[in-house]
Amino acid sequence: MKNPQNQPTYRWPRIAAGMIVLFVVVAVFAVWREAKRVKSFQRTNVVIPTGTNAVAPSSRNAFSTNGMVWISGGRFSMGSPKGQNDEQPVHEVAVDGFWIDQHEVTNEQFAEFVKATSYVTIAERKPDPKDFPGVPPENLVPGSIVFSPPPDLRDLSNHFAWWKYVTGASWRRPEGPESDLKSREKHPVVHISWFDAMAYAKWAGKRLPTEAEWEFAARGGLNGKEYIWGDEQEPGGKLLANIWQGRFPNENSLKDGFRITAPVGSFPSNGYGLSDMAGNVWEWCADWYLPDYYARSPKRNPQGPDTSHDPNEPGMPKRVQRGGSYLCTDLYCGAFRPSRRMKTSPDTGLSHAGFRCAASK
Ligand SMILES: [Ca+2]
């Protein structure tokens, strides 16, 4: 029989063992939940098909810095204290030097890539029924999302209201089957999904910029400014980016001269000699999107999070886009500010979304 005076001595090890078991159970549960989340995330990820659409290594261009600008590394304040929640907290980031395209990839540049590789963009492919369970087969047709506002739309609360899936729309036919690229050779290519942009970048021996590189480059050396040219939207009345003037989405005064995309370089370059880092088309970055990433972002060369979450569309992994587009209104949008973040599913092309490439030394 045990000595009752010894009971406390035996009880503590049992309590400690119990706590360890509890800790292990909680840890296993946490790992299981994370694994389940990652698995679910991977299921929804879109994989570039192999075969004729794959970019053969032999077709890859030799890397050239022609048309690129060398950005010396440095430190800057990433984000904006006045921006949206996902632009905060403002945090200091350092990036190493890198190359970045002077302008957005144009239709003629993308055509050269397609000619060399026979690449077919996602918008031109028939959607796979596996990716769209429950959608009738007759609705699974190639196409893309085109800006198409109903007349006299006043309620701007639903941003899907001015977008329409148009059968046959693609980079070749930006507004649909009746449109073409005539006289748009120097315009930025649009309807480019993140996968398409990655394929082009790989062919060119380049890569997409990280979100931090993109913002550093966009600011052009003007740290902490509201716009890439300073703090005034229209300094001296000058229009410095291709955006939307007037009441969105039906009244565009065309004060800047462009209803849709503008030829690249139509507006003054920023401090680093880069054109259209504000407006014209949204530009893909390499990073996944997480709204709270800035709270724990590495201080040097952040590469973005390992996973993605958009509270507005849970379960839909998204990549980051930057820079705003010709649809950003001067009245309220502000999406052409260098700190503004956009997020889009990587398989999605839009009539106001393109890209530019970067490269390491
Ligand atoms: Ca415009």
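How many bridges join β7 to strand β10, and do the two run parallel or antiparallel? Two bridges join them, and the strands run parallel. Keep in mind as you look around that this is a predicted model.

**Around strand β7**

Let's stay with β7, which covers residues 282-288. Its partner β10 is made of residues 353-354, and Trp282 has Ala353 as its bridge partner there. β7 also pairs with strand β8 (residues 319-322), this time antiparallel and through three bridges. In that pairing, Glu283 is matched with Arg322 of β8. As for surroundings, seven of the seven residues of β7 are buried, so the strand is largely enclosed by the rest of the structure.

**A three-stranded sheet**

Next up is an open sheet whose strands come in the order β1-β4-β11, with antiparallel pairing. The edges are β1 (68-71) and β11 (358-359), each of which pairs on one side only. Strand β4 takes in residues 98-101 and is linked to β1 by four bridges. One of the matched pairs is Val69 with Ile100 of β4. Helix α4 (residues 211-219) lies across β1, β4 and β11, and runs at about 70° to β4.

Here are the strand pairings that come with a bridge count:

| Strand pair | Bridges | Direction |
|---|---|---|
| β7 and β10 | two bridges | parallel |
| β7 and β8 | three bridges | antiparallel |
| β1 and β4 | four bridges | antiparallel |

**The nonpolar core**

Nonpolar side chains tend to be buried together in soluble globular proteins. In this model, the largest nonpolar core has 71 residues, and Ile100, Ala197, Tyr200, Leu208 and Ala217 touch the most other members. Several elements each supply at least two residues of this core, among them β1, β4, α4 and β7. Helix α3 gives the most, with eight residues.

Ala197 is a nice one to zoom in on. Leaving aside residues up to four places away in sequence, Ala197 touches Ile192, Leu208, Trp284 and Phe355.

**Out in a loop**

For a contrast, find Asp128, in the loop between α2 (107-117) and β5 (143-147). Is Asp128 buried or exposed? Asp128 counts as exposed because it has 10 C-beta neighbours inside 10 Å, and the cut-off for exposed is 12 or fewer. Val141 is 13 residues from Asp128 along the chain, and 9.4 Å separates their C-alpha atoms.

Terms used. Residues numbered from 1 in each chain as written. Predicted model: local features only at pLDDT ≥ 70, side-chain atom pairs only at ≥ 80, totals over all residues. Buried ≥ 20, exposed ≤ 12 C-beta atoms within 10 Å, placed from the backbone. Pairing = 2+ DSSP bridges. Contact = placed C-beta atoms within 7 Å. Axes fitted to C-alpha atoms, helices over the stretch in contact; angles between N-to-C directions. Core = buried A, V, L, I, M, F, W, Y, C linked by C-beta atoms within 7 Å.
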